Amino acid sequence: MGTAVTDKKTPLYDEHVALGASMTPFGGWLMPLRYTSDLAEHRAVRDAAGLFDLSHMGNINVTGPDAAAFLDHALVGYISKVREMGARYSMICAEDGSVLDDLIVYHDAPGAYSVIANAANAELVLGKMQERTAGFDVVLKDVQPGQALIAVQGPRAVEIMLATEGLVEDAEISGGTAFADLKYYACMGMRFQGEPLLVGRTGYTGEDGFELWVSADRAVALWRALLAAGEPLGLVPAGLSARDSLRLEAGMPLYGHELDTTTTPFEAGMGRVVRLDKATEDGTPIPFVGRDALAARKESAPARVLVGLRGEGRRPARADYDVVQRGVGTEVGAVVGRVTSGAPSPTLGYPIAMAYVTPEVSAEGTELAVDVRGRAEPFVVVPMPFYRRPQN
């Protein structure tokens, strides 16, 4: 099957091919699935570090006097409360409260924000945000085409960043924040080969790590510099497959699996990102798109709940498999839910999954099963995340 004309290439495409990566279409882009093996790349991130190309992600700059107020209106989060050089996980919802995408918002300069969207939803998010600008003095700009996003994830991420030649803190942009002391979900200015770039202490693996926005023409040089600094410390390039198993262990939702337009943040266990308490200085509630529907949803009983499942056997559950009542032996019982993501856990050594189930069977410790090709495989409801990184 040939490459679709819609499959775009990131500035690092040739680097991936030279490293022997298996490339695959993803969100309209050709991305590395793996370089060596899924297991080796997953374990490298847990034990040392992995290097990821995330340049397919959308990046929308929001600037202007009303930038913060606009984002409070357009998104469900309380973005005006994000300090300068801070970041926040948020969502953009439809009027009915359903999730259009989950996002990270960086407050990277006075009156300026960067909204990072999933690749497959980037155009949709830009369009929906543009529709919501009426009455706000704000400018939206899609800056993704001129940039690349590179992530270093793993317990040795700080060492690797400090060892990377040409990568230095930019005190003028970061306000003098010591790089190694950068807080989780904060960002700072750095320079690479004299050019400014934004670095966030964020990620999607459950490990410590950094995400670096750099101009497209410096992407290859930065990628190579990070590899050179990191290889002696165990850094390996890692693909989409490892990224998926890592985020699953960390209990992080993936749009199109745990999140979609049939789901509100509350079903997904992400109600904390919906800030119904947004208000002006005089206490007047701030209206935002989807507010009424989400306020009603918060007060109503859920029809389904997202839970974690731990396998008691060896056969993994996969997305779209039915979750069923546990019967006798391998007998398949009544359907009570559906798996959204599932795989063997390389770190934990047993199958794990996320699934939507009816509230009656959502309590921790509930014994269920998953219909794996006509055979009921035993699973039990457990808290998420499945894995937490060790704290120093």
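**View 1. Strand S19 pairs with S16 and with S18.** In this predicted model, strand S16 (residues 305-311) runs antiparallel to S19, and 6 bridges join the two. One bridge can be picked out by eye: Val305 has Val357 of S19 as its partner. S19 also pairs with strand S18 (residues 332-344). That pairing is antiparallel too, over 7 bridges. Look for Pro344, which stands opposite Pro351 in S19. S18 and S19 form a hairpin with 6 residues between the strands. Gly349 in this hairpin takes a positive phi near 85 degrees.

**View 2. Strand S19 is buried along its length.** S19 covers residues 351-357, and 7 of its 7 residues are buried, so the strand is largely enclosed by the rest of the structure. Follow the side chains along the strand. Pro351, Ala353, Ala355 and Val357 point one way. Ile352, Met354 and Tyr356 point the other way. Both sets are buried.

**View 3. Strand S17 pairs with S18 and S20.** Strand S17 (residues 322-326) and S18 run antiparallel, joined by 4 bridges. Here Arg326 has Val332 of S18 as its bridge partner. S17 also pairs with strand S20 (residues 367-372) in the antiparallel sense. This pairing has 3 bridges. Gln325 stands opposite Leu368 in S20.

**View 4. Helix H8 is largely enclosed.** How many residues of helix H8 are buried? The count is 9 of the 10 residues in this helix (residues 240-249), so H8 is largely enclosed by the rest of the structure. The buried set includes nonpolar names such as Leu240, Ala242, Leu246 and Leu248. It also includes Arg243, Arg247 and Glu249. What do these buried residues pack against? Their neighbours are strand S2 (22-26), strand S3 (29-34), H2, S4, S18 and S19. Just after the helix, Gly251 takes a positive phi of about 65 degrees.

**View 5. Seven strands make an open, mixed sheet.** Trace the 7 strands in the order S11-S12-S13-S14-S10-S4-S15. The sheet is open, and its pairing is mixed. Strand S11 (167-169) and strand S15 (235-237) are the edge strands, each pairing on one side only. From one strand to the next, the twist averages 30 degrees. Within the sheet, S13 and S14 run antiparallel and share 3 bridges. Leu198 stands opposite Trp213 in S14.

**View 6. Helices H2 and H7 pack on the sheet.** Helix H2 (residues 38-47) touches S4, S10 and S15. The direction of H2 makes about 115 degrees with that of S4. H7 touches S4, S10, S12, S13, S14 and S15. The direction of H7 makes about 10 degrees with that of S10.

**View 7. The largest nonpolar core has 32 residues.** Val152, Met161, Leu197, Phe210 and Leu212 have the most contacts inside this core. Several elements each supply at least two of its residues, among them strand S4 (49-53), strand S10 (147-153), helix H5 (157-163) and helix H7 (219-230). Strands S12 (187-192), S13 (195-200) and S14 (209-215) do so as well. Which element gives the most? H7 does, with 6 residues. A second core, separate from this one, has 23 residues. Met91, Cys93, Ala343 and Phe386 are among its members.

**View 8. Leu197 touches residues from several parts of the chain.** Leaving out residues up to four places away in sequence, the contacts of Leu197 include Leu167, Met188, Met190 and Phe192. Leu212, Trp213, Val214 and Leu222 are also among them.

**View 9. Two cysteines are buried, and there are no disulfides.** Cys93 has 0% relative accessibility, so it counts as buried. Cys187 is buried as well, with a relative accessible area of 3%. The structure holds 0 disulfides. A disulfide is a covalent bond between the sulfur atoms of two cysteines.

**View 10. Ser215 makes polar contacts through its side chain.** Ser215 lies in strand S14. Is this residue buried or exposed? Its relative accessibility is 17%, so Ser215 counts as buried. A polar contact of 2.4 Å joins its side chain to that of Glu195. Another, of 2.6 Å, joins the side chains of Ser215 and Asp217. Beyond four places in sequence, Ser215 touches Gly146, Gln147, Ala148 and Glu195. Val143 is 72 residues away from Ser215 in sequence. In space, their C-alpha atoms are 9.9 Å apart.

Terms used. Residues numbered from 1 in each chain as written. Predicted model: local features only at pLDDT ≥ 70, side-chain atom pairs only at ≥ 80, totals over all residues. Heavy atoms only, no water. Core = buried A, V, L, I, M, F, W, Y, C linked by side-chain atoms within 4.5 Å. Buried < 20%, exposed > 50% of the residue type's maximum accessible area, 1.4 Å probe, protein only. Contact = heavy atoms within 4.5 Å. Disulfide = S-S within 2.5 Å. Pairing = 2+ DSSP bridges. Axes fitted to C-alpha atoms, helices over the stretch in contact; angles between N-to-C directions. Polar contact = N/O pair within 3.5 Å; in protein donor to acceptor, adjacent residues only side chain to side chain.
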